[in-house]
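Subject: Structure handover

Hello,

Here is the structure you are taking over, with notes on what was found in it. Please keep it open while you read.

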Amino acid sequence: MCLMLGPPNVGKTLLLKRLNSCSSKGNFSDLEDAACTVSTVGTNLVNIVTGKKSEVVIRELGGCMAPIWSTYFKDCSAVLFVVDVSNRHQVSAACILLLEVLGNKMLASAPTLIVLNKCDMPNVMNRVEVESIFRLNDIVQRATQSVHVIECSARDGTGLVHIFQWIQQNAHV
């Protein structure tokens, strides 16, 4: 199982819906209108089709559940950690949560994808700013697991295919 984590209101639910819709259609360029979403209180469980006869289960955990995320780490094979790059006030909290996730021994070998979401919004932090604030180079060098970063917009579809490819390569049933 793959976990999708991140602070509240970073776009995890829409990203999950987009990945589910696009993977089932096998088409990442013809997006439907973005569905309305509300903050997840609890979990969402979705199967993402990754091949003809294969799929990956992704469990989204609501951001407000951060204090109990670790109770879901046992069966986790990969982590998608979503950050809202349009919300400068939330970035430091996101960084602290990310460090807690990466430092958990149960996830020591779980590949982790940091998803810089909402890159289509006005006044977003660019990748260099995020890398500097998060000290991403230090995180990647010191993490026991492999850590990758992808910029995306769940709303307009930017980067979705790259996230899907990462899931295909790194998440196991």
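Which helices and strands cover the buried residues of α2? The cover includes three helices or strands from later in the list, α3 (127-134), α4 (136-142) and β6 (147-151), and also β1 (2-5), β4 (78-84) and β5 (112-117). Please bear in mind throughout that this is a predicted model.

The helix α2

The buried residues in question are Val91, Ala94, Cys95, Leu97, Leu98, Val101 and Leu102. Looking down the axis of α2, you find these buried residues within an arc of 165 degrees, so they line one face of the helix. On the other side of α2, Ile96 and Gly103 are exposed.

The length of α2 can be checked as well. The helix runs over residues 91-103, which makes 13 residues. At 1.5 Å a residue it should span 18 Å, and its end C-alpha atoms are indeed 18 Å apart, so the two values agree.

The chain as a whole

The chain contains 5 helices and 6 strands. Followed along the sequence, they come in the pattern β-α-β-β-β-α-β-α-α-β-α.

For overall size, start from the number of residues, 173. A compact globule with that many residues would have a radius of gyration near 16 Å, and the chain has 15 Å, which agrees. Along the principal axes, the C-alpha atoms fill a box of roughly 40 × 35 × 30 Å.

Of the 173 residues, 49% count as buried. The chain exposes about 8,700 Å², and carbon and sulfur atoms supply 51% of that area. Among contacts with a separation of 6 or more, 72% are between residues 24 or more positions apart.

Val79, a buried residue in a strand

Val79 is in strand β4. Its relative accessible area is 0%, so it is buried. Leaving out residues up to four places away in sequence, Val79 touches Cys2, Leu3, Leu5, Val101, Leu107, Pro111, Thr112, Leu113 and Trp166. One of these, Val101, is also among the buried residues of α2. Trp166 is 87 residues from Val79 along the chain, yet the C-alpha atoms of the two are separated by 11 Å.

The loop between α2 and β5

Two residues of this loop are worth a look. Asn104 lies in the loop between α2 and β5, and Met106 is in that loop too. Is each of them buried or partly exposed? Asn104 has a relative accessibility of 18%, under the 20% cut-off, so it counts as buried. Met106, at 45%, counts as partly exposed because its value falls between 20% and 50%.

Apart from neighbours within four places in sequence, Asn104 is in contact with Ser70 and Phe73. On the same terms, Met106 is in contact with Ser70, Phe73 and Lys74. Met106 also gives a case of sequence and space to set against Val79: Met106 and Asp120 are 14 residues apart in sequence, and their C-alpha atoms are 34 Å apart.

The cysteines

How many disulfides does the structure hold? It holds 0. A disulfide is a covalent bond between the sulfur atoms of two cysteines. For Cys76, the closest cysteine sulfur is that of Cys2, at 6.3 Å, which is too far for a bond. Cys76 is buried, with a relative accessible area of 11%. Cys152 is in no disulfide either, and its nearest cysteine sulfur, in Cys119, is 6.3 Å away. Cys152 is buried, with a relative accessible area of 0%.

Two backbone angles

Most residues other than glycine have a negative phi. Lys118 has a positive phi of about 70 degrees although it is not a glycine. Lys118 is in the loop between β5 and α3, and it is partly exposed, with a relative accessible area of 22%. Arg135 also has a positive phi, near 55 degrees, and is likewise not a glycine. Arg135 lies in the loop between α3 and α4, where it is exposed, with a relative accessible area of 54%.

Regards

Terms used: Residues numbered from 1 in each chain as written. Predicted model: local features only at pLDDT ≥ 70, side-chain atom pairs only at ≥ 80, totals over all residues. Heavy atoms only, no water. Helix = DSSP H or I, 4+ residues; strand = E, 2+ residues; numbered from the N terminus. Expected span 1.5 Å × (residues − 1). Buried < 20%, exposed > 50% of the residue type's maximum accessible area, 1.4 Å probe, protein only. Arc of directions from axis to C-beta. Contact = heavy atoms within 4.5 Å. Disulfide = S-S within 2.5 Å. Rg over C-alpha atoms; globule rule 2.2 N^0.38 Å. Areas by Shrake-Rupley, 256 points an atom, 1.4 Å probe, with all protein chains shown as cover.
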